[in-house]
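Okay, thanks everyone, I'll keep this short. Let me put the sequence and the model up on the screen, and then we can walk through it together.

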Amino acid sequence: MTSSTDITQLAREAQALKEKLDALWADEGVDQLNIFLDPEITEVLEEIKRLSMDFIAKVAQSAD
C-alpha cells in the first residue's frame, strides 16, 4: 500500500511534470504543428496532450 508521503511526493512530481509539459507544448511550438502536419496527426497529438495533461493534473491534485 502507498503511504501518504509517497502520494504527496508523486503529486509534487506530477505538478513539476505538468509545468514542464505546459512549457514544451507552448514554447516549443508543438501547438503550432497543425501548420506543417496532416490534420489527422494533429488530432492525435491533441488527444495525447489532453489525456496526459488531464491525468497529470489529477495526480498533481491528489495530495490537496
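So, let's start with a pair in helix α2: Arg 50 and Glu 47 sit 3 residues apart there, which puts about one helical turn between them. Keep in mind as we go that this is a predicted model.

What do Arg 50 and Glu 47 form? A salt bridge, with the closest N and O atoms 2.9 Å apart. As a general reminder, side chains of opposite charge can pair when their charged atoms come close. On exposure, Arg 50 is partly exposed, at a relative accessible area of 40%, and Glu 47 also counts as partly exposed, at 37%.

Now go the other way along the helix. Arg 50 and Asp 54 are 4 residues apart in helix α2, so again they are separated by about one helical turn. Their side chains meet in a salt bridge as well, 3.5 Å from N to O. The upshot is that Glu 47, Arg 50 and Asp 54 are joined into one network by salt bridges that share partners. Asp 54 has a relative accessible area of 44%, so it's partly exposed.

How many salt bridges does the structure hold? The count is 3. Besides the two I've just shown, there's one between the side chains of Lys 18 and Asp 22, at 3.1 Å, N to O. That pair is over in helix α1, residues 4-27, and the partners are 4 residues apart, about one turn of the helix. Lys 18 comes in at 23% relative accessibility. The cut-off for buried is under 20%, and exposed starts over 50%, so Lys 18 at 23% lands in the partly exposed class. Asp 22, at 33%, is partly exposed too.

Okay, let me zoom out for a second. The secondary structure comes to 2 helices and 0 strands. The protein has 64 residues, and 16% of them count as buried. For the surface people: the accessible surface is about 5,000 Å², and 57% of that belongs to carbon and sulfur atoms. And on contact order, if you take contacts between residues at least 6 apart in sequence, 67% of them join residues at least 24 apart.

Next, one of the buried positions. Is Thr 42 buried or exposed? Its relative accessible area is 14%, so Thr 42 is buried. Thr 42 lies in helix α2, which runs over residues 39-60. And who does Thr 42 touch? Skipping residues up to four places away in sequence, the list is Leu 33, Asn 34 and Leu 37.

Let's follow the first of those names. Where is Leu 33 found? In the loop between α1 and α2. Leu 33 is partly exposed, with a relative accessible area of 27%. If you leave aside neighbours within four places in sequence, Leu 33 is in contact with Thr 42 and Leu 45. For Leu 33 and Leu 45, the separation is 12 residues in sequence and 9.3 Å in space, C-alpha to C-alpha.

So, to recap what I'd like you to look at on the screen: the network of Glu 47, Arg 50 and Asp 54, the Lys 18 and Asp 22 salt bridge in the other helix, and Thr 42 with its contact to Leu 33. That's all from me, happy to take questions.

Technical notes: Residues are numbered from 1 along each chain as its sequence is written. This is a predicted model: local features need pLDDT of at least 70, side-chain atom pairs count only at pLDDT 80 or more; totals for chains, interfaces and linings use all residues. Side-chain values use heavy atoms; hydrogens and water are left out. Buried means under 20% relative accessible area, exposed over 50%, partly exposed in between (1.4 Å probe, protein chains only). Contact means heavy atoms within 4.5 Å. A salt bridge is a side-chain nitrogen of Lys or Arg within 4 Å of a carboxyl oxygen of Asp or Glu. Accessible areas come from the Shrake-Rupley method with a 1.4 Å probe; for residues, only the protein chains shown count as cover.
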